[in-house]
Amino acid sequence: MGIREQLHDALDEQGFPRPTLLAEAMSRLDARQPTSKHQWQALVAACLAFAVVATFLVIRAHRETPNPVGNAPASCPVTLPPQPRFVPPAAYPGTPPGGESWYGTPALWTTLAPNGTWSDLPYANGVYTQKSFWWRDSYDWRSESGILQLSVSGVRTDGPAKPLTTSTVTSASATDIGSAMLVGIDIPAAGCWEITGQYKGTTLSFVVWVAA
Amino acid sequence: MGMTGEPDLISRATAGDKVAFEALLGPIVAPAARLAYAMLQDRAEAEDVVQEAAVKAWRKLGSFRPGADFKPWFLAIVANQCRMVRRTSWWSVLRLERTPADRSGSETNSVLSMDLRRALLALPSGQRAAIALHFYLDLPLDEVAEVLGVSVAGVKSRINRALKRMRPALATNEVLS
């Protein structure tokens with residue numbers, strides 16, 4: 001069997017892509033006219049001017065308000081890794097990938113983003129989306145039947161916002177993280193958020209800055 | 001080679017005609033989604049990428065080079081968008097929404113397919129895109145080169161390096177000469 005056939009065997013899925021994909025893509029187009037070359041040049045010039053002014057303002061703001069945690073403002077008490085750092089049971093890697101840090105207890109743990117900031121999150125339909133992973137010692141997706149008992153909630157602490165919503169919890173597994181519980185979360189506004197996970201009587205919370 | 005009437009559709013779309021843009025996009029939505037899926041191996045993310053690429057293409061039509069083909073231009077946007085998703089997503093995770101026992105097909109084929117998918121996912125994005133475009137979307141090497149913005153020799157080199165890395169997961173040995 002050739003590579004082409006093997007790839008089709010491995011990747012072809014019934015019903016993909018969904019028949020409505022083109023219509024959905026078209027519905028997302030804005031009414032703005034496509035940008036012409038001259039408009040692009042004007043746009044680039046405007047962006048450069050804006051960048052210069054913004055850089056000046058950011059530098060000045062940093063001088064006035066020292067910011068110890070990267071993008072998060074001092075008014076947002078983001079959760080940073082405690083010292084000593086939490087080390088999960090031996091079956092899991094000592095540190096998670098991606099520059100993140102483990103946080104929690106063997107009964108329930110998650111990860112903290114570098115500098116306590118979630119940045120560059122995909123933004124669509126008015127919400128920022130993030131994948132949130134949670135672990136529990138001896139958790140094994142094979143033995144967890146039915147609906148997973150993890151629930152994740154979040155409240156914005158620095159201003160009004162609609163409630164955070166979550167997807168159905170699913171299981172995830174990869175060689176560098178082991179078995180995990182995975183939930184997609186939709187965050188309706190940038191800002192300072194307290195995220196709380198609950199699993200079989202154990203609760204774990206952390207504060208994160210969601211960057212616009 | 002562009003499809004019949006493509007220059008006219010591009011010209012109308014550039015002037016803001018969404019119907020013309022839809023006519024341009026229609027025939028390549030499925031290949032674009034398959035490319036995104038081969039790159040990301042996540043159906044929802046792949047479909048999101050195609051939608052996002054469509055929005056970007058609509059906004060960038062003013063910079064489209066007259067006389068160029070729309071398909072490779074759009075696939076290049078899709079490939080770039082996939083790279084951005086890979087950068088912004090958390091980790092590469094195999095979602096297990098169904099247990100292996102739920103999956104249809106013979107166990108041997110499932111294992112082979114899983115090995116191949118993992119091997120594909122482990123490739124650098126440039127090599128993964130080259131493999132997907134040439135072997136999965138059946139694009140000739142010169143079109144793959146156009147999408148990736150490299151020479152044909154560069155595409156061959158990427159494919160051969162990718163095949164070498166994927167060899168343990170492949171049932172056959174193929175090399176581009």
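This is a short walk through a predicted model with chains A and B, one selection at a time.

**Stop 1: chain B as a whole**

Colour chain B by secondary structure and you should pick out eight helices and one strand. Going from the N terminus, the order reads α-α-α-α-β-α-α-α-α. Chain B is 177 residues long, and 38% of them are buried. Among its contacts with a separation of 6 or more, 59% link residues that are 24 or more positions apart.

**Stop 2: B:Lys18**

Now select B:Lys18, which sits in helix 2 of chain B, residues 18-40. Is this lysine buried, exposed or partly exposed? B:Lys18 has 14 C-beta neighbours inside 10 Å, so it counts as partly exposed; buried would take 20 or more, and exposed 12 or fewer.

Which residues does B:Lys18 touch, once those up to four places away in sequence are set aside? Show chain A as well, since the answer is A:Met26 and A:Leu29. While you are here, put a distance label between the C-alpha atoms of B:Lys18 and B:Trp58: they are 8.7 Å apart in space, with their positions 40 residues apart in sequence.

**Stop 3: along helix 2 of chain B**

Select residues 18-40 of chain B and look along helix 2. Its 23 residues would reach 33 Å in a straight helix at 1.5 Å a residue, yet the end C-alpha atoms are only 28 Å apart. Where is the kink in this helix? Centre on B:Ile28: there is a kink of about 50° here, shortly before the proline B:Pro31. Then step off the end of helix 2 to B:Gln41, which follows it and has a positive phi, near 55°.

**Stop 4: helix 8 of chain B**

Move on to residues 152-166 of chain B, helix 8. How far apart are its end C-alpha atoms? They are 21 Å apart, and because 15 residues at 1.5 Å a residue should span 21 Å, the two values agree.

Next, show side chains for the buried residues of helix 8 in chain B: B:Val155, B:Arg158, B:Ile159, B:Ala162, B:Leu163 and B:Met166. They cover an arc of only 130° around the axis, which means they lie on the same side of helix 8 of chain B. The general rule behind this is that an α-helix has 3.6 residues a turn, so residues three or four places apart point the same way. Rotate to the face turned away from the buried side, and you will find the exposed residues B:Ala153 and B:Lys164.

**Stop 5: chain A as a whole**

Switch to chain A. Here you have three helices and 11 strands, running α-α-α-β-β-β-β-β-β-β-β-β-β-β from the N terminus. Of its 212 residues, 24% count as buried. For contacts with a separation of 6 or more in chain A, 61% come from residues 24 or more positions apart.

**Stop 6: strands 6, 10 and 11 of chain A**

Select residues 150-156 and 191-199 of chain A, which are strands 6 and 10. These two run antiparallel and are joined by seven bridges. For a landmark, find A:Val152, which stands opposite A:Gly197 in strand 10.

Add residues 202-210 of chain A, strand 11, which is antiparallel to strand 10 and joined to it by nine bridges. In this pairing, A:Gly191 has A:Val210 as its bridge partner. Strands 10 and 11 of chain A form a hairpin with two residues between them. Finish on the turn at A:Lys200, where phi is positive at about 45°.

Note on methods. Residues are numbered from 1 along each chain as its sequence is written. Chains are lettered from A and ligands numbered from 1 in the order in which they are written. This is a predicted model: local features need pLDDT of at least 70, side-chain atom pairs count only at pLDDT 80 or more; totals for chains, interfaces and linings use all residues. Helices (H or I, at least four residues) and strands (E, at least two) are DSSP runs, numbered from the N terminus. Two residues are in contact if their C-beta atoms, placed from the backbone, lie within 7 Å. The expected span of a helix is 1.5 Å times one less than its number of residues. The bend at a residue is the angle between axes fitted to the seven residues ending there and the seven starting there. Two strands pair if DSSP finds at least two bridges between them. The arc is that of the directions from the helix axis to the C-beta atoms.
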